[in-house]
Amino acid sequence: MKRACVGMAVGTFVVAATFWFGFSAQGASWQEEPAAASASKALFNSRCALCHGPDGHGSDMGKTLKVKDLSSKEVQSLSNDDLIQVISAGKNNMPPFKDSLKKEEISGLVRYLRTLK
Ligand code: HEC
């Protein structure tokens, strides 16, 4: 029983620390370093462009799956949290990426999405 309590305390601390770092990183700069931004672009091209096209407008395959234009007002008006949620958990034909991408990679992708025009 004592073990479980220690485990829980450590767990809570890790969650709290993750939140804290997450928030302070966002507060400091939502804009990324150029190197990180180009890594996000490369990630988008390797993991997302198959359906969304390199510019986010949708590939031929994506169009048959009914992707939305990621540069559209409809998608851009979603909050960062909503975008993170869709990329993590998926939606209809959109596959979930929470198991194959790290949290930071997903938020990097959201930042990249904001640059699509
Ligand atoms: C297998 C094809 C496929 C891949 C790969 C894919 N998506 Fe999607 N995505 C879709 C489809 C289909 C939708 C439309 C879902 C819907 O609203 O029905 C979508 C929707 C979205 C949306 C808009 C969500 C909304 O609520 O309208 C975002 C943002 C998005 N994808 C980001 C990404 C990112 C980032 C990646 C790469 C990590 C990615 N997608 C990879 C098929 C894909």
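Modeller: First, the yardstick: a residue is buried if 20 or more other C-beta atoms lie within 10 Å of its own, exposed if 12 or fewer, and partly exposed in between, with C-beta atoms placed from the backbone. This is a predicted model, where local features need pLDDT of at least 70 and side-chain atom pairs count only at pLDDT 80 or more, while totals for chains, interfaces and linings use all residues. Residues are numbered from 1 along each chain as its sequence is written.

Biologist: What makes Lys66 count as exposed?

Modeller: Lys66 has 10 C-beta neighbours inside 10 Å, so it falls in the exposed class. Lys66 sits in the loop between helix H4 (60-64) and helix H5 (73-76); helices are DSSP runs of H or I with at least four residues, numbered from the N terminus, and strands are E runs of at least two.

Biologist: And what is there to say about phi of Lys66?

Modeller: Phi of Lys66 is near 70 degrees, a positive value in a residue other than glycine. Most residues other than glycine have a negative phi. Asn92 also has a positive phi, near 45 degrees, and its place is in the loop between helix H6 (80-89) and helix H7 (103-113).

Biologist: Is Asn92 buried or exposed, and how do you know?

Modeller: Asn92 has 8 C-beta neighbours inside 10 Å, so it counts as exposed. Asn92 is also one of the residues that come nearest to the ligand, along with Cys48, Cys51, Asn93 and Met94, out of 24 around it. Around here means a C-beta atom within 6 Å of the molecule. Helix H3 (49-52), H6 and H7 each give two or more residues to that shell.

Biologist: Which elements make up the whole chain?

Modeller: The protein chain has 7 helices and 0 strands. Of its 117 residues, 15% count as buried.

Biologist: Why are H2 and H7 called roughly perpendicular?

Modeller: The two pack at an angle of about 90 degrees, with axes 9 Å apart. The axes are lines fitted to C-alpha atoms over the stretch in contact, with angles from 0 to 180 degrees between N-to-C directions. Roughly perpendicular covers 65 to 115 degrees, so H2 and H7 earn the label. On the H2 side, the contact (C-beta atoms within 7 Å) includes Ala36, Ala37 and Phe44, and on the H7 side it includes Gly108, Leu109 and Tyr112.

Biologist: Where does Ala42 fit in, and what makes it exposed or buried?

Modeller: Ala42 lies in helix H2 (residues 34-47). With 11 C-beta neighbours inside 10 Å, Ala42 is exposed. Ala42 and Leu109 are 67 residues apart in sequence and 9.7 Å apart in space, C-alpha to C-alpha.

Biologist: Which residues of H7 are buried, and what covers them?

Modeller: Ser107, Gly108, Leu109, Tyr112 and Leu113 are the buried ones in H7. Their cover includes H2 and H6.

Biologist: What makes up the largest nonpolar core?

Modeller: A nonpolar core is a set of buried Ala, Val, Leu, Ile, Met, Phe, Trp, Tyr and Cys residues joined through C-beta atoms within 7 Å. Here the largest has 8: Phe44, Cys48, Leu70, Leu83, Ile87, Leu109, Tyr112 and Leu113. H6 and H7 each supply at least two, and H7 gives the most, with 3 residues. Leaving out residues up to four places away in sequence, Leu83 touches Leu78, Val110 and Leu113.

Definitions and conventions: Angles under 35 degrees count as roughly parallel, over 145 as roughly antiparallel, 65 to 115 as roughly perpendicular and the rest as oblique. Two residues are in contact if their C-beta atoms, placed from the backbone, lie within 7 Å.
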